[in-house]
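Work through the exercises below with the sequence and the coordinates at hand. Each task is followed by a worked solution.

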Amino acid sequence: MSKKAIPLVVTTEHKGVFFGYGEPTTEKIIRLEKVRMCVYWAADVKSVLGLAATGPSKSCKIGPAVPAVTLQGVTSIMEASKEATEKWEGGPWA
């Protein structure tokens, strides 16, 4: 992993929501490492921005991590807080 890689939440044109480590960009393609996908987030998370601010709750469905993913059709890249990062890494699946 690059020394510049930071925890990010990334959304895509196909409504994918992913967490992983990478470098923010303005490009439509991003490579992330240690990647998890949010299949479902509960109302208590308070939107996709909540996934970056406070992280997924125990009611969410977060898939297992894969070593790396290259995402295309990126629509947003959000820096994840320390609290959110810890919860994403826990990978809750209700």
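**Exercise 1: Fold order**

Task: State in which order the elements of the protein run from the N terminus on.

Solution: The order is β-β-β-α-β-β-β-α. The count for the protein is 2 helices and 6 strands. The model is a predicted one.

**Exercise 2: Overall dimensions**

Task: Compare the radius of gyration of the protein with that of a compact globule.

Solution: Start from the chain length of 94 residues, for which the globule rule, 2.2 Å times the number of residues to the power 0.38, gives a value near 12 Å. The protein has 12 Å, so the two agree. Next, take the extents of the C-alpha trace along its principal axes: about 30 × 25 × 20 Å. Finally, look at contacts with a separation of 6 or more: 63% of them join residues 24 or more positions apart.

**Exercise 3: The nonpolar cores**

Task: Locate the largest nonpolar core and the elements that supply it.

Solution: Begin with burial, taken as under 20% relative accessible area; 41% of the 94 residues qualify. The largest nonpolar core holds 16 residues, and Val9, Val17, Phe19, Cys38, Leu51 and Trp88 have the most contacts inside it. At least two residues each come from β2 (17-22), α1 (48-53) and α2 (82-90). The largest share, 3 residues, is that of β2. Now take Val9: beyond its neighbours within four places in sequence, its contacts include Val17, Phe19, Leu51 and Trp88. A second, separate core has 8 residues, among them Leu8, Phe18, Leu71 and Val74.

Methods: Residues numbered from 1 in each chain as written. Predicted model: local features only at pLDDT ≥ 70, side-chain atom pairs only at ≥ 80, totals over all residues. Heavy atoms only, no water. Helix = DSSP H or I, 4+ residues; strand = E, 2+ residues; numbered from the N terminus. Buried < 20%, exposed > 50% of the residue type's maximum accessible area, 1.4 Å probe, protein only. Contact = heavy atoms within 4.5 Å. Core = buried A, V, L, I, M, F, W, Y, C linked by side-chain atoms within 4.5 Å.
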